[in-house]
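Here are some points to go through with the model open beside you. They deal with aromatic pairs, nonpolar cores and one loop position.

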Amino acid sequence: MNTRETHPSDPTEVELPSPSHLGVGRRVLRAVALAATVPYLGLKTVWLCGSHLGIPEGSVLREPGPFFTAANSVTLAMDACVILLVLVLTRPWGIRVPGPLLTFPVFVATGLLTPIVLGFSGQLLVRALGLGAEAMGQAEREPFLDPWVFHVVYTGFSIQGLALAALFVPYARERWGRAWRGVTGERLPSSTGVVAAAAAAVGLAVAGVSLYWAFGGAAGLGAERAAARSADTAVVSAVHAVCAVAAGAGALLLARGGTLRARWPLGLTWVGGAATLSWGAWMTLAALGPQLDGGEGPPDTAVLIYAGQMITGLLAGTVLIRFLATRRPG
């Protein structure tokens with residue numbers, strides 16, 4: 001039988017199937033998502049215990065300092081949160097979790113995992129087409145991690161991202177489905193339109209620079225990064241450009257209203273805004289710390305792009321919140 005709960009912060013009753021009646025699909029997705037966390041959590045755990053598994057001779061990671069230890073601890077905890085998210089989305093008590101307490105980590109997970117899913121699959125495609133040769137000067141750099149580590153970790157992240165999305169969508173539909181039913185409706189207030197236009201403008205600027213780098217431009221990269229460019233780095237830049245455009249476009253569509261089905265601009269704003277904000281913040285934090293690969297820090301232009309990503313994500317998120325507020329029952 002179904003478990004029916006009334007959440008104090010939700011205006012309507014919501015219904016979530018009990019775990020025994022989730023259906024084969026959701027049970028399989030739950031198992032897959034949980035299993036996909038094992039490689040990353042295992043690697044981080046053995047590294048924190050002093051193992052050099054996957055770390056070649058000569059790597060700066062062979063002599064970890066306090067920053068490296070702290071970074072491993074934080075990222076291990078972040079990936080462990082995926083386990084909690086999976087349980088929230090598939091257990092009956094998950095429906096009682098307050099909305100903001102759930103949507104914030106899901107937003108961050110969406111933002112961090114989406115570029116990985118798109119970028120890693122894009123890199124595999126590029127290599128399958130024979131375009132993924134090593135960058136000039138790449139072999140001259142000291143080794144950082146064994147190649148298999150990246151394949152194992154990013155495969156796990158990609159599976160996590162796809163499985164979490166497949167679990168969150170039906171959960172959100174059952175709990176907040178009215179938010180994306182129907183069309184976008186009336187135009188939002190002009191102040192929100194200004195915010196949406198700003199998100200689109202900054203997002204286009206970020207996308208323009210990212211695409212310039214993706215297609216071979218070197219200005220603003222710095223000598224070391226310019227020498228390390230490859231088809232893989234081009235794919236990453238292109239993915240960040242797409243996310244920035246999606247955030248701005250989704251915000252504009254939500255603000256202007258109309259007869260477009262609401263789920264499309266909501267999806268664009270959620271995914272694009274989460275990706276730009278989360279990755280911009282993540283890369284900014286990484287830029288402030290020591291460079292673990294022994295290379296030079298990011299140039300000022302790159303730091304400005306990270307800031308632009310955060311601004312785009314914050315502005316798009318503001319429009320998203322304003323739109324969702326108008327969908328609540330009066």
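Are Tyr 40 and Phe 157 buried or exposed? In this predicted model, both Tyr 40 and Phe 157 are buried, and the points below start from these two residues.

1. The structure holds six aromatic pairs. In one of them, the rings of Tyr 40 and Phe 157 have their centres 4.7 Å apart and their planes at 50°, so the pair is tilted; that angle falls between the limits of 30 degrees for stacked and 60 for edge-to-face. Because Tyr 40 belongs to helix H2 and Phe 157 to helix H5, the pair ties together parts that are 117 residues apart in sequence.

2. Phe 157 also pairs with Tyr 154, and here the ring centres are 6.1 Å apart with the planes at 80°, so this pair is edge-to-face. Tyr 154 and Phe 157 both lie in helix H5, where they are three residues apart, about one turn of the helix. Their exposure should be read separately: Tyr 154 is partly exposed, with a relative accessible area of 30%, whereas Phe 157 is buried at 13%.

3. Tyr 40, Tyr 154 and Phe 157 are joined by Phe 120 in one aromatic cluster.

4. Which residues touch the most other members of the largest nonpolar core? Of its 47 residues, these are Leu 102 and Leu 164. The elements that give two or more residues to this core include H2, helix H3 (66-90), helix H4 (99-128) and helix H5 (147-176), and the list continues through to helix H10 (300-326). H5 gives the most, with nine residues.

5. For Leu 164, leaving aside its neighbours within four places in sequence, the contacts are Val 82, Leu 85, Val 86, Leu 89 and Leu 113. Apart from the largest core lies another core, of nine residues, among them Ala 207, Trp 213, Ala 244 and Ile 305.

6. Thr 37 deserves a look of its own, since this residue is found in the loop between helix H1 (24-36) and helix H2 (38-48). Is Thr 37 buried or exposed? Its relative accessible area is 2%, and because buried means under 20%, Thr 37 counts as buried. Beyond its neighbours within four places in sequence, Thr 37 is in contact with Asp 79, Val 82, Ile 83 and Gln 160. Val 82 thus appears in the contacts of Thr 37 and also in those of Leu 164.

Methods:
Residues are numbered from 1 along each chain as its sequence is written. This is a predicted model: local features need pLDDT of at least 70, side-chain atom pairs count only at pLDDT 80 or more; totals for chains, interfaces and linings use all residues. Side-chain values use heavy atoms; hydrogens and water are left out. Helices (H or I, at least four residues) and strands (E, at least two) are DSSP runs, numbered from the N terminus. Buried means under 20% relative accessible area, exposed over 50%, partly exposed in between (1.4 Å probe, protein chains only). Contact means heavy atoms within 4.5 Å. A nonpolar core is a set of buried Ala, Val, Leu, Ile, Met, Phe, Trp, Tyr and Cys residues joined through side-chain atoms within 4.5 Å. Rings of Phe, Tyr and Trp (its six-membered ring) pair if their centres lie within 6.5 Å; planes under 30 degrees apart count as stacked, over 60 as edge-to-face and the rest as tilted.
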